[in-house]
Amino acid sequence: MTVDALTDVAGLLVGHATRRGGGWLTGTTVVLAPEDGAVAAVDVRGGGPGTKETDALDPRNLVQRVQAVVLTGGSAYGLDAASGVMAWLEERGRGVRVGPDPSHVVPVVPAACVFDLGRGGDFRARPDAGTGRAAVEAAWAGAGSPGAGVAQGCVGAGTGAVVGTLKGGIGTASTLLDSGVTVAALVVANAAGSVTDPETGALYGELSGGGRVAYPAAEVHEAARLRLAEVAARNAPPPLNTTLAVVATDAALSKAQAQKLAGTSHDGIARAVRPVHLLSDGDTVFALATGARPLAEGDPLALNEVLAAGADMVTRAIVRAVRAAESTEGPGGAWPSYEELYGG
């Protein structure tokens, strides 16, 4: 059974740790790889990223597989969440073997962060190692519930996310290709750029999808425009721009092929958010490949359908993140949701 989520790639698990209230509005999301890991790569396009262990994913370097990927709030402070995930993995002997004893491992856990500092009211309320452990434990708990969906909206790393003056969050999507290969994405939408067409209020991601678009009524869009102008005047400074994504497939990919997938998947962000990839952005895409299904032998272009699907799933995941988000108001700011302003 498929659930239109990253977990449709067999072996991957997703867990969220969410902190809200009492000055908190942040969290961490963990994508846990199968026990033998997953081939991984990364492509960073933003000029102001916050990342950890991304150099290890370069195809020229030694590490071939990772044990987990961490997406977190808290800006660079929140990268400490990866330490809690590493500790959990070490306790289970999962990682790169570096000594004679099976317990002598170093888990490879790349991570990236979004800026959400102070959005709950307390600038110092941000994820730490304990938050990371809670998220990976939540992911592991899902191993006993095959076919369960992935929570979307204001959860995990998307708890404090904002897109322009709208509430952002977590979104996910998947597709099954004619070849039998599954491609999926999970996105944290937290961007200074807009996700809506200023003339109509329609979501850029839906406009680029090639399907039928239901445009908001003119009076609905005008009311939303006035509301968002008020919000922009109240919420200063504007949010920093970071969209994070994990794109995964069960295809057997090399690290170089996975890096190509991470790169082309950035097109999915550009279709749904404008602008992207500026100096203040942290836009980062990780690619994971579990290797369960070989690509068609003898066809050097067999990867193309996976590349195209990766970008499509990122766009759709951003749309779902925005549509799943809920309006939030607190001491750190007020952000209405797209659904509140425009309805379904």
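**Exercise 1. Place Arg293 and list what it touches.**

Solution. Arg293 touches Gly180, Val181, Asp250, Ala251 and Ala252, leaving aside residues up to four places away in sequence. Contact here means heavy atoms within 4.5 Å. Next, the element: Arg293 is found in strand β15. Helices (H or I, at least four residues) and strands (E, at least two) are DSSP runs, numbered from the N terminus. Now the exposure: Arg293 is partly exposed, with a relative accessible area of 38%. The classes are buried, under 20% relative accessible area, exposed, over 50%, and partly exposed in between, with a 1.4 Å probe and protein chains only. Last, a distance: Arg293 and Ala223 are 70 residues apart in sequence and 50 Å apart in space, C-alpha to C-alpha.

This is a predicted model: local features need pLDDT of at least 70, side-chain atom pairs count only at pLDDT 80 or more, and totals for chains, interfaces and linings use all residues. Residues are numbered from 1 along each chain as its sequence is written, and side-chain values use heavy atoms, with hydrogens and water left out.

**Exercise 2. Decide whether Thr284 is buried or exposed, and find its neighbours.**

Solution. Start with the element: Thr284 lies in strand β15, residues 284–293. Then read the area: Thr284 has a relative accessible area of 0%, so it is buried. Finally, the neighbours: not counting residues up to four places away in sequence, Thr284 touches ten residues' worth of listed partners, among them Val42, Asp43, Pro49, Thr51, Ala112 and His266.**Exercise 3. Work out the order of the open sheet and the sense of its pairs.**

Solution. Five strands form the open sheet, in the order β1-β2-β6-β9-β4, with mixed pairing. Two strands pair if DSSP finds at least two bridges between them. The edge strands are β1 and β4 (51–52), each pairing on one side only.

Now go pair by pair.

- β1 (residues 13–21) and β2 (residues 24–32) are antiparallel, over nine bridges. Gly21 stands opposite Trp24 in β2.
- β2 and β6 are antiparallel, over five bridges. Thr29 stands opposite Leu71 in β6.
- β6 and β9 run parallel, joined by three bridges. Val70 faces Ala111 in β9.
- β4 and β9 (residues 111–113) run antiparallel, joined by two bridges. Thr51 has Ala112 in β9 as its bridge partner.

One turn deserves a look. β1 and β2 form a hairpin with two residues between them, and Gly22 in the turn has a positive phi of about 65 degrees.

**Exercise 4. Explain why strand β6 counts as largely enclosed.**

Solution. Recall the general rule. In a regular strand the side chains alternate between the two faces of the sheet. Check each face of β6: Ala68, Val70 and Thr72 on one side are buried, and so are Val69 and Leu71 on the other. Five of the five residues of β6 (residues 68–72) are buried, so the strand is largely enclosed by the rest of the structure.

**Exercise 5. Describe the chain as a whole.**

Solution. Count the elements: the protein chain has seven helices and 17 strands. Compare sizes: its radius of gyration is 19 Å, close to the 20 Å that the globule rule gives for 344 residues, so the chain is as compact as a globular protein of that length. That radius is taken over C-alpha atoms, and the rule is 2.2 Å times the number of residues to the power 0.38. Along its principal axes the C-alpha trace spans about 65 × 45 × 40 Å. Buried residues make up 55% of the 344 residues. Among contacts between residues at least 6 apart in sequence, 78% join residues at least 24 apart.
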